[in-house]
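Here are a few exercises to try with the structure open in your viewer. Have a go at each one before reading its solution.

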Amino acid sequence: MKPATVPAAAPAITRLRGRWLEELPASPLRYAFTPAWLVFRGLVALRTWAYDGGRMRVARLPRPVVSVGNLTVGGTGKTPAVALVAEILHGLGQQPVVLSRGYRGGGEGNEEAQLVGAVPVVSATTRHAGGLRAISTLGASCLVLDDGFQHRQLHRDLDIVLIDATDPWGGGALLPLGRLREPLRALDRAHLLWLTRTDLCPEPALAELTARLAGSGRPLIASTQGVPSLVGLDGQPFTGGPAAAGPVLVSCGVGNPGGFEATARLAGLAVVGALRWPDHYRYTGSDLRELIARARARAARPVVSAKDAVKLVALASPEQAGAILVLHARPQLTGDGRERLTAALRGVLSSAGA
């Protein structure tokens with residue numbers, strides 16, 4: 001498959017009379033998807049009506065559940081945020097287990113599961129069953145749902161919603177006209193809003209977005225990308241720093257590729273080009289060879305995201321792995337964000353008697 005570059009859509013949000021309203025983008029080409037958009041919008045509205053009215057069954061687990069999710073398809077930094085939440089829970093004396101799900105038939109071993117780090121991960125299509133397994137076999141004292149905001153089949157004690165400051169509303173419309181999974185008014189279900197990648201957003205836009213979110217009545221915390229680090233795809237540390245990497249061609253298959261590309265520039269890398277693959281893309285050997293060939297054509301070195309590295313490392317020869325760098329970014333909560341997040345998690349644990 002040939003990678004593509006897709007221009008980012010302009011974010012938009014309004015709040016009127018206590019309700020979040022989506023703003024439909026005005027691109028003529030996107031209106032070709034209007035019939036599908038109308039069907040999806042109707043299905044989402046019906047599902048929301050069923051859950052909000054108690055007409056759909058919601059399963060409960062005998063342990064506290066914290067959900068980390070978002071409103072858009074991919075690209076807000078959920079998995080690093082999940083790792084941070086699990087780290088804080090561990091510091092509070094808990095034994096957290098992350099409940100993830102496989103993509104395209106994937107189960108154990110999906111890329112999110114391999115990125116969370118030392119925290120145990122259970123990947124399952126049915127999160128309730130996965131949670132029971134985590135409790136019985138791993139001794140979980142609490143569960144963290146990775147990408148759980150729309151998974152309303154399972155009760156959660158704390159709903160954290162991540163919003164990417166560089167592309168907060170995914171084009172401002174529901175799928176397929178935009179990248180929203182639900183209308184913006186779904187944020188009324190959230191217990192805590194988490195604004196990510198604030199260091200990649202222009203100050204005027206960030207100030208406006210922060211003011212609008214602060215007016216939602218939901219607690220708000222924020223984070224930057226922190227200090228990105230480089231490591232070889234072969235696992236060898238890269239100690240030369242961004243300047244030593246020389247010209248680089250960044251490549252990623254994530255929900256918000258612009259955010260990854262901006263992170264690479266913020267890290268001080270000399271980005272001379274970018275390749276964009278579909279989110280959760282399953283690479284082939286020919287894709288890997290194309291990536292390396294395109295980088296060589298620009299006299300550059302390939303740099304990929306950690307999410308893509310999980311899949312590429314299995315395809316790469318030792319020589320190829322040594323030629324590719326992986327850019328890692330760990331969120332850094334700003335202001336009193338860590339204290340507020342810790343307090344919210346402690347409150348959930350206290351209420352559950354954990």
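The exercises below deal with a predicted model.

**Exercise 1. Classify the ring pairs that Trp-277 makes with Tyr-281 and with Tyr-283.**

Start with what you need to read off: a pair of aromatic rings is described by the distance of the centres and the angle of the planes. The total to keep in mind is three aromatic pairs. For Trp-277 and Tyr-281, the centres are 5.3 Å apart and the planes make 20°. Planes under 30 degrees apart count as stacked, so this pair is stacked. Next, take Trp-277 with Tyr-283: the centre distance is 5.3 Å, but the planes stand at 70°. Over 60 degrees counts as edge-to-face, so that's the label for this pair. Put together, Trp-277, Tyr-281 and Tyr-283 make up one aromatic cluster. As for exposure, Trp-277 and Tyr-281 are buried, and Tyr-283 is buried too.

**Exercise 2. Work out which strands are the edges of the open five-stranded sheet, and which helix packs on it.**

First, write down the strand order: E10-E14-E13-E11-E12, with mixed pairing. Now look at the ends of that list. Strand E10 (229-232) and strand E12 (270-276) each pair on one side only, which makes them the edge strands. From one strand to the next, the twist averages 30°. Zoom in on E10 and its partner E14 (residues 325-328): they run antiparallel and are joined by four bridges. One residue pair to find there is Ser-229 with its bridge partner in E14, His-328. Finally, the helix is H8 (residues 285-297), which touches E11 (247-252), E12 and E13 (301-305). The direction of H8 makes about 135° with that of E13.

**Exercise 3. For Arg-197 and His-280, find the phi value, and decide: buried or exposed?**

Take Arg-197 to begin with. Phi is near 55°, a positive value in a residue other than glycine. Arg-197 lies in the loop between E8 and helix H5 (203-214). Relative accessibility is 11%, so Arg-197 counts as buried. Then turn to His-280, in the loop between E12 and H8. Phi of His-280 is near 60°, again positive and not in a glycine. With 10% relative accessibility, His-280 is buried as well.

**Exercise 4. Where does the cis peptide bond before Pro-176 sit?**

Check omega from Leu-175 to Pro-176: a value near 0° makes the bond cis. Then place Pro-176 on the chain, in the loop between strand E7 (158-164) and strand E8 (192-196).

Methods:
Residues are numbered from 1 along each chain as its sequence is written. This is a predicted model: local features need pLDDT of at least 70, side-chain atom pairs count only at pLDDT 80 or more; totals for chains, interfaces and linings use all residues. Side-chain values use heavy atoms; hydrogens and water are left out. Rings of Phe, Tyr and Trp (its six-membered ring) pair if their centres lie within 6.5 Å; planes under 30 degrees apart count as stacked, over 60 as edge-to-face and the rest as tilted. Buried means under 20% relative accessible area, exposed over 50%, partly exposed in between (1.4 Å probe, protein chains only). Two strands pair if DSSP finds at least two bridges between them. Helices (H or I, at least four residues) and strands (E, at least two) are DSSP runs, numbered from the N terminus. Axes are lines fitted to C-alpha atoms, for helices over the stretch in contact, and angles run from 0 to 180 degrees between N-to-C directions. Contact means heavy atoms within 4.5 Å.
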